[in-house]
Amino acid sequence: MRIAVFGAGYVGLVTGACFAELGHDVAVRDVVAEKIDALRRGEVPIHEEGLEDLLERNRERLRFTTGVDEAIEGAEVVYVAVGTPPTYSGDADLSAVWTVVDELPRVDRRIVFAMKSTVPVGTGRTVRHRLDERGFENVGYVSNPEFTAEGTAVRDFLHPDRIVIGAFDGADADVVERLHAGIDAPVIRCDVASAEMIKLAANAALVTRISFINEIANVCEATGADVLTVAKGIGLDRRIGSSFLRAGIGFGGSCFPKDSLALKQLAANSGYNFQLLNAVIEVNELQKRRVIGKRERRLGTLRGKKVALLGLAFKPGTDDMREAPSLVLAGRLLAVGAHVSAWDPVADGGVLLDGVEIAATALEAVDGADAAVLVTEWPELRDLDWAEAGARMRKKLIVDGRNMLDPVELRALGFEYEGIGRAVE
Ligand code: UDX
C-alpha cells in the first residue's frame, strides 16, 4: 500500500520506516526543509536503536518531502505524527494537527486519515466535523495510537503487545488493519474515543506504577525495608506483574509527563477531578527533589560544594533530555549555590543546562566532587572504575538514583552509598 506520514519526528520516522519494512511505499513529509534534506542524504536526526539500518534497508520504498501534494500522491492512508506538546495550561497543543487537517488537498478517491500523535479524547470527533465541513466525506478517520518506548521503538512497533484501531467506519479500520499485515499481535477494534483513551490510560497506568513504587521506596527508607526485594516480592504475584516497578528519581521523557498532564487537564476540563493522577504527578515532582534533601542531610549546605550528575538523558539508550530528572536536579542544585558538573555518553546537556560544567568523561565529572548522583542508568556507569572515581572525589558520597550499583562493592571501596528505598548504612 502507499502511505504518507506527516511529521518526521521520532514517532513519524519510526512509523514510516516500519511500514516500509512491512513492504509499503512511504512518503514522509515535514515542514522543516533541513530535516528533509538530511534524511534524503541518509542522515538520521535522532538516536534510536535500529532506525538508521531500517531506513537504509528500505531506501527504495521511502521518500522524504516538504510538499503536501507530493506526499499525498497515490496514498491510501495519511498518518499524522506531528508533535502535540503541552500548552501553558497543560492541555495538549493541537495546532500542528489542525495544520495537517487544513492542508489536506481534495482527492477523488477514498483515503484514511490515521492519527498516530497522542491527542485528547474527543479530538477524532472534532477532526471528523472539520473534514465534513470541508466536504471531505471521502476521507475516513482512524485513531491508531503508538505504544513505542524510546530505545526500543522499532522492536515495539514491529512486535507490539496489541494494535489499537478506533474508527467511525469499519471499512477504514479494515484498511489500517491490512497495513499491519505481517505483524503478529492482537488487534483491538473499537470506537475512536476509546482508542484515544486507551493510549492515555496506558500511560497513566504505567506512571501510577512508577509513583507507587517510588512511594513504597520512600516508606522503605523510613522503615528499613529494601525496595528491590519488595518489588521482586510483589512482582511475582501474577495479578501485579514485575514490570515498571523500578524505584528511582522519577519518570521523565517526551510522553509520560506530557500525557499524564494532558489527561489530568482533560478530566478537569470535563468537570472531573482525577485525584489519583494528580497525586501520581505530584509524587514524581517530589521524587526528583528528594535527592537534594539526601545530600543536604550528609553535607549540610550545598553552597560551594561540587556535585556531579552522572547521566543526563531521561533514560539510557537515548539522547533525549525532555523532562529529564537531571534538568530539575541541576536547576535545584544551582539554585542552592552548588557547583554542578555533569556527564552523559550521548545527551548534549550543554544547551539545556546553563551554568553546569559538562565533562568529557564520568571520571572528569567526579573530579574534586563532594558528591555524585547517578541520574541515568547507563551501562557505562555500572562498568566505571569506581575505585578511580572515589580516588578523584573530595568526598566519597554517592546517591544511586536508579539503584544500579552494588552497595556492598561501593561501601568496600570506602563510599557512603545511598540508593532509593534501600537501607542506609
Ligand atoms: C513511554 C512508554 O513506555 C511508551 O509506551 C509510550 O508510548 C511513551 O512513553 P518512554 O518515555 O520512551 O516510553 O520510556 P520508558 O522506558 O517507558 O520510561 C519512561 C520513564 O519512566 C523514564 O524516565 C524511566 O526512567 C522511568 N521509569 C520506567 C521508572 O522510573 N521506573 C520504571 O520501573 C520504569
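The exercises below, each with a worked solution, concern a predicted model, and they look in turn at a helix, a ligand site and one arginine.

**Exercise 1. Work out whether the span of helix 11 (residues 256-269) agrees with its number of residues.**

Solution. Begin with the count, which is 14 residues for helix 11, and take a rise of 1.5 Å a residue. The expected span is 1.5 Å times one less than the number of residues, so helix 11 should span 20 Å. Then turn to the model, where the end C-alpha atoms of helix 11 are 20 Å apart, and conclude that the two values agree.

**Exercise 2. Decide whether helix 11 is largely enclosed by the rest of the structure or not, and find which helices its buried residues pack against.**

Solution. The cut-off needed here is that a residue is buried when its relative accessible area is under 20%. Among the residues of helix 11 that are buried are Phe256, Pro257, Ala262, Leu263 and Leu266, and the charged residues Lys258 and Asp259 are also buried. Because 10 of the 14 residues of helix 11 are buried, the helix is largely enclosed by the rest of the structure. As for the partners, the buried residues of helix 11 pack against helix 9 (192-223) and helix 12 (275-299). After the helix comes Gly271, which has a positive phi, near 90 degrees.

**Exercise 3. Describe the shell of residues around the ligand, and find how much of the ligand the protein buries.**

Solution. Start with the shell, in which 18 residues surround the ligand, the closest being Glu150, Lys199, Arg246, Gly252 and Lys315. Sorted by kind, the shell holds 9 nonpolar, 3 polar and 6 charged residues, and its largest share, 3 residues, comes from helix 9. Next, look at backbone atoms that lie by oxygen atoms of the ligand: a backbone N or O atom of Arg246 is 2.9 Å from a ligand oxygen, one of Gly252 is 3.0 Å from a ligand oxygen, and a polar backbone atom of Thr148 is 3.1 Å from a ligand oxygen. Finally, the ligand taken alone exposes 660 Å², and the protein buries 93% of that.

**Exercise 4. Determine whether Arg29 is buried or exposed, and identify a polar contact of its side chain.**

Solution. Locate Arg29 first, in strand 2 (residues 25-29). Its relative accessibility is 9%, and therefore Arg29 counts as buried. A polar atom of the Arg29 side chain lies 3.1 Å from the backbone oxygen of Thr66. Leaving aside residues up to four places away in sequence, Arg29 also touches several others, including Val5, Phe6, Ile36, Val68 and Glu103.

Methods: Residues numbered from 1 in each chain as written. Predicted model: local features only at pLDDT ≥ 70, side-chain atom pairs only at ≥ 80, totals over all residues. Heavy atoms only, no water. Helix = DSSP H or I, 4+ residues; strand = E, 2+ residues; numbered from the N terminus. Buried < 20%, exposed > 50% of the residue type's maximum accessible area, 1.4 Å probe, protein only. Contact = heavy atoms within 4.5 Å. Near = heavy atom within 4 Å. Polar contact = N/O pair within 3.5 Å; in protein donor to acceptor, adjacent residues only side chain to side chain. Areas by Shrake-Rupley, 256 points an atom, 1.4 Å probe, with all protein chains shown as cover.
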